[in-house]
Amino acid sequence: MASAAKNVIPVAVAQGDGIGKEIMGACLKIFSAINVPIDFRPVEMGKDLYMKGYSTGMTPEAQATVEKAGILFKGPMETPKGTGMKSINVTARKVWSTFANKRVFETFPGVDTVFARAGIPVSLTIFRENIEDTYGGIEHMQTNDVAQCRRLITRPGSSQVHRFAFETARKNKAKRITCVHKANIMKITDGAFLNSFYEMAKEYPELVADDMIVDDMCMKLVMTPDKFDCIVLPNLQGDIVSDLCAGLVGGLGLAPSANIGERISIFEAVHGTAPDIAGKNMANPTALLLSGLMMLRHLGFQNKADYVHSALRTTLEKGYRTRDLCRPGIKYLSTTDFADAVLDHIPPIARREVTELPPRAHALPEVVELKENIMQVTPGRNRANEFSGGFDIFVDSELLPGDLAQVLQKFATNGLKLTMISNRGTQVWPTGSVYTELVNHYRCRFELEVKGSKKESELLQVVAEIGEAVRVCSLEMLLYLGDTPGFSKAQGQ
């Protein structure tokens, strides 16, 4: 892309699968017209690459290009079904540590929604933790009937997304930021996410910081979305709530997405590949275009992004539509014609060449090259204040709780006590109800009478002995941080 700027910024571009080629072509045509000093470098990513044997869905050359550029602009990508393949989209976000997913939802003029008809404007910014939670994809079959998914929430990961959310809220002069969670049930994991939020809030006294349980938030969003501003959530809840918000403004075709990392960021459309209309020049490029405008702002080209954003709104206001935004029988524009309509509304000033890169763009190439992985640990860790309290052992057994307890009691010696057995999280021994239905997977808790009185290696020897009597599925050590237990109780315990 020609430019009079002293330098151009490299950006890796993956057009994606299905409709990706068409909508990416439309967006790049608009960016070319406004003379952004960007060198768009095509990379090979997507379903076809996975089918050729690339487990990450990208070639090594593509990975190197993205890591050198620090920015990836990508279309939608398909995950082949029934192959056991991990999502290409999720893999890219995790490999490059894009810890925050930012999605902006706004009412567009002329787009028919319930709230538009009611004259209620929607303007929401969702910040979703982007790496952890159930999206670690750490799953195992524990028995023939019981599957497990490990949910990881970390203090460093939570702090990263909260910091980005608060900084963005401050920059955009937001008034309120709300942490959404399920800490009433998941007291340790969501509790850690919520505690991190309020610790961060102390540094931003000008913002109203509050929290809400996720089910309550979903109800309120569909009733009074105009009451909210910035919302930050864990990964899975954020995935669900952000798609709900897309429905408030007209669908995923109007929903942009930015995945922000310290060194690499990804800007993408989050809708599907729409194979049924691929190659028919019918797809709506708006979501990808809006994601591209987020990329331009990230790079420092605020004015150019604003001009295109205004042109897009004017285009929609005048009634120009792609098929997905039209009712049956209404004439709609093709992908290319819609892009041309946006171009027609971009003022000449937006097409001026950039003669000097903005400060943000200058800084980008200096921070992306790493020689080794970075370990994130909260400063001030005191290992002397961490104690072993015993272990939870998960076993495959069809015995009734009392009978299982009899088998296990002989291992409760030398200061180690069997204190609880649960089934699907509900205590069934030493007390419980015969109306609690069981599956063949128990959690059996052995606790030290004096925490820290045995080494973990000694506890593992006991586990090995238990394994001779009953099939062991998995194990969790019980950790105390000072006097605070780092483990949850069973329901009814």
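**Entry 1: a starting question**

Is Ala274 buried, exposed or partly exposed? I looked it up in this predicted model, and Ala274 turns out to be partly exposed, with a relative accessible area of 22%. Buried would need a value under 20%. I found Ala274 in the loop between strand S12 (265-269) and helix H10 (286-299). I also noted its backbone: phi is about 45 degrees, a positive value, although Ala274 is not a glycine. As a reminder to myself, most residues other than glycine have a negative phi.

**Entry 2: the whole chain**

Next I stepped back to see the protein chain as a whole. I counted 15 helices and 18 strands in the protein chain. Its C-alpha atoms fill a box of roughly 85 × 50 × 50 Å along the principal axes. Of the 493 residues, 49% are buried. The protein chain exposes about 23,900 Å², and carbon and sulfur atoms supply 52% of that area. I then checked contacts between residues at least 6 apart in sequence, and 77% of them join residues at least 24 apart.

**Entry 3: strand S8 and its neighbours**

I picked strand S8 (residues 176-181) for a closer look. Strand S8 is mostly covered, with 5 of its 6 residues buried. Which strands does S8 pair with? One is strand S9 (residues 208-213), which runs parallel to S8 and is joined to it by 6 bridges. Another is strand S10 (residues 230-233), also paired in the parallel sense, over 3 bridges.

Thr178 makes a handy landmark here. I found Thr178 opposite Asp210 in S9, and also opposite Ile231 in S10. Then I followed the chain from S8 through helix H7 (residues 189-201) to S9, and together they make a right-handed β-α-β unit.

**Entry 4: strand S10**

How are the faces of S10 covered? I found both of them covered: Cys230 and Val232 are buried on one side, and Ile231 and Leu233 are buried on the other. This fits a general pattern: in a regular strand the side chains alternate between the two faces of the sheet.

S10 also pairs with strand S5 (residues 123-129), which runs parallel to S10 and is joined to it by 4 bridges. Val232 is worth a note of its own. I saw that Val232 is the bridge partner of Phe127 and that Val232 stands opposite Cys179 as well.

**Entry 5: an open antiparallel sheet**

Further along the chain I traced an open sheet of 6 strands, in the order S15-S14-S16-S13-S17-S18, with antiparallel pairing. Why do S15 and S18 have one side without a neighbour in the sheet? Strand S15 (426-429) and strand S18 (484-485) stand at the edges with a single partner strand each, so one side of each is left without a neighbour.

Inside this sheet I looked at strand S13 (residues 386-396) and strand S16 (residues 442-448), which pair in the antiparallel sense over 6 bridges. The bridge partner of Ile393 in S16 is Cys444.

Two helices lie across strands of this sheet. Helix H14 (residues 401-409) lies across S13, strand S14 (416-423), S15 and S16, and runs at about 155 degrees to S14. Helix H15 (residues 456-466) lies across S13, S14, S16 and strand S17 (471-481), and runs at about 15 degrees to S13.

I stopped at the loop between S15 and S16, where Pro430 is found. The peptide bond from Trp429 to Pro430 is cis, with omega near 10 degrees.

**Entry 6: two residues in strand S6**

Strand S6 (residues 133-141) holds Glu139, and Asp133 has its place in S6 too. Glu139 counts as exposed because its relative accessibility is 56%, whereas Asp133 counts as buried at 2%. Phi of Asp133 is near 70 degrees, a positive value in a residue other than glycine. Leaving aside neighbours within four places in sequence, Glu139 is in contact with Gln148 and Cys149.

**Entry 7: cysteines**

How many disulfides are there? My count came to 0. The closest cysteine sulfur to that of Cys245 belongs to Cys218, and at 8.3 Å this is too far for a bond. Cys326 is in no disulfide either, and its nearest cysteine sulfur, in Cys27, is 19 Å away. Cys245 is buried at 0% relative accessibility, and Cys326 counts as buried at 16%.

How values were computed:
Residues are numbered from 1 along each chain as its sequence is written. This is a predicted model: local features need pLDDT of at least 70, side-chain atom pairs count only at pLDDT 80 or more; totals for chains, interfaces and linings use all residues. Side-chain values use heavy atoms; hydrogens and water are left out. Buried means under 20% relative accessible area, exposed over 50%, partly exposed in between (1.4 Å probe, protein chains only). Two strands pair if DSSP finds at least two bridges between them. A crossover is right-handed if, with the strands pointing away from the viewer, the path from the first strand over the helix to the second runs clockwise. Contact means heavy atoms within 4.5 Å. Axes are lines fitted to C-alpha atoms, for helices over the stretch in contact, and angles run from 0 to 180 degrees between N-to-C directions. Accessible areas come from the Shrake-Rupley method with a 1.4 Å probe; for residues, only the protein chains shown count as cover. A disulfide is a pair of cysteine sulfur atoms within 2.5 Å.
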